[in-house]
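Colleague: I would like to learn how to read a model like this one. Can we take it feature by feature?

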Amino acid sequence: MPDLSVRRLLIDLETPFARHWCGGDAFRSALFNALSMSFPIGEQFFIDAVKRGLKVLPPEQQNKYQAEVQGFIGQEATHRRIHSLFNAQLQSQGLVNEWEPRAAARLAQLEGADARHGLGITAANEHFTAILAEWMLGNPELFAGCEPRLRTLWLWHSSEEAEHRSTAFDLYHALGGTHAWRITWFRRVSLIFLGDTLRQTVANLRRDGELWRWRTWTSAAHWLFGKRGLARAALKPWCAYLRQDFHPRQRESGLARRWLEDNAAAYAVVGSG
Ligand SMILES: [Fe+2]
Ligand SMILES: [Fe+2]
């Protein structure tokens, strides 16, 4: 069982930041902004799914997961809060969150569904966030020249995503979730997540007036398909999820632990005085 601490990030998100806060690069800023726009609604869904999953477990099993679920909820709730502040800054820059209403309409269809569906969807999304997290933690040049407080925000979030990557997955299986449904949701979530990320990134670039600039496309090609690009980094872990014997902890790299140790001054552990 991972021991999940809740950490309050000690950064200022009230002071506005530049539109191209990520190293002056329009593409990277637009991509991260897009991801951030999905977090408040997405992470609320994960919290609800995990909470509900714990509730329908047999009482003797609830004890086993209680502390981990509490840590998971605390971490995701903190992420939501901080990314809402970040997103408010994006809104004042003239960006529009089109992802959230699309996600809300889709999630409304799941109301009343078996708890395992919510957990299967959450586990799939958590695998995606863990892939993104390892990519961010493993490529410091992604945040080169980036506003330091925002680099801290993204790497803190990445570290906690890597930490709690197995919570929804383990609950899903504890409730008897099948491999077939796990894969079905993973395939669906993959299409939806990629589609939404792309649409919102393009929308952000369009509103920013940077969509049709050559430098935007060279940056996109480099960070998506280059040697250290996301597509290359994601391929193997994406395939790994399809295996029958897959478990999220198999993909732990130690990068998250190291970042949290090296950056302890950036946060206060909640409940530790
Ligand atoms: Fe999160
Ligand atoms: Fe998460």
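Modeller: We will go through the metal sites, then helix packing, then two single residues.

Modeller: First, the ground rules. This is a predicted model, in which local features need pLDDT of at least 70, side-chain atom pairs count only at pLDDT 80 or more, and totals for chains, interfaces and linings use all residues. Residues are numbered from 1 along each chain as its sequence is written, chains are lettered from A and ligands numbered from 1 in the order in which they are written, and side-chain values use heavy atoms, with hydrogens and water left out.

Colleague: Which residues are the protein donors of the iron ion (ligand 1)?

Modeller: Start with the term. Donors are N, O and S atoms within 2.8 Å of the metal (3.2 Å for Na, K and Ca); water is not among the atoms, so sites may look incomplete. Here the protein donors are E43 (OE), E76 (OE), H79 (ND1), H157 (NE2) and E161 (OE). They lie 1.9 to 2.3 Å from the iron ion (ligand 1). Along the chain their spacing reads E-x32-E-x2-H-x77-H-x3-E. The pair E43 and E76 links distant parts of the chain: E43 is in helix α1, E76 in helix α2, 33 residues apart. Helices (H or I, at least four residues) and strands (E, at least two) are DSSP runs, numbered from the N terminus.

Colleague: And which protein donors does the iron ion (ligand 2) have?

Modeller: E76 (OE), E126 (OE) twice, E161 (OE) twice, and H164 (NE2). These atoms lie 2.1 to 2.7 Å from the iron ion (ligand 2). The spacing in sequence is E-x49-E-x34-E-x2-H. E76 lies in helix α2 (residues 59–92) and E161 in helix α5 (residues 148–163), so the pair ties together parts that are 85 residues apart in sequence.

Colleague: How far apart are the two iron ions that E76 bridges?

Modeller: The ions lie 3.8 Å apart.

Colleague: What is the geometry of the site of the iron ion (ligand 2)?

Modeller: Check the angles against cut-offs. Four donors count as tetrahedral if all angles lie between 85 and 135 degrees; four count as square planar and six as octahedral if opposite donors are over 155 degrees apart and all others between 65 and 115; anything else is irregular. In this site the six donor atoms make angles of 52 to 147°, and the site is irregular.

Colleague: Are E43, E76 and E161 buried or exposed?

Modeller: Buried means under 20% relative accessible area, exposed over 50%, partly exposed in between (1.4 Å probe, protein chains only). E76 is buried at 0%. E43 is buried at 2%. E161 is buried at 3%.

Colleague: Now helix packing. At what angle do the axes of α2 and α5 cross?

Modeller: Axes are lines fitted to C-alpha atoms, for helices over the stretch in contact, and angles run from 0 to 180 degrees between N-to-C directions. The axes of α2 and α5 come within 11 Å and cross at roughly 155°. The two helices are therefore roughly antiparallel. Angles under 35 degrees count as roughly parallel, over 145 as roughly antiparallel, 65 to 115 as roughly perpendicular and the rest as oblique.

Colleague: How do α4 and α10 cross?

Modeller: Helix α4 (residues 115–138) and helix α10 (residues 255–262) have axes that come within 10 Å and cross at roughly 55°. The pair is therefore oblique.

Colleague: Where is G118?

Modeller: G118 is in helix α4. G118 is buried, at 13% relative accessibility.

Colleague: Where is D12 found?

Modeller: D12 sits in the loop between β1 (7–9) and α1 (26–56). D12 is partly exposed, at 33% relative accessible area. A polar atom of the D12 side chain lies 2.8 Å from the backbone nitrogen of E14.

Terms used. Polar contact = N/O pair within 3.5 Å; in protein donor to acceptor, adjacent residues only side chain to side chain.
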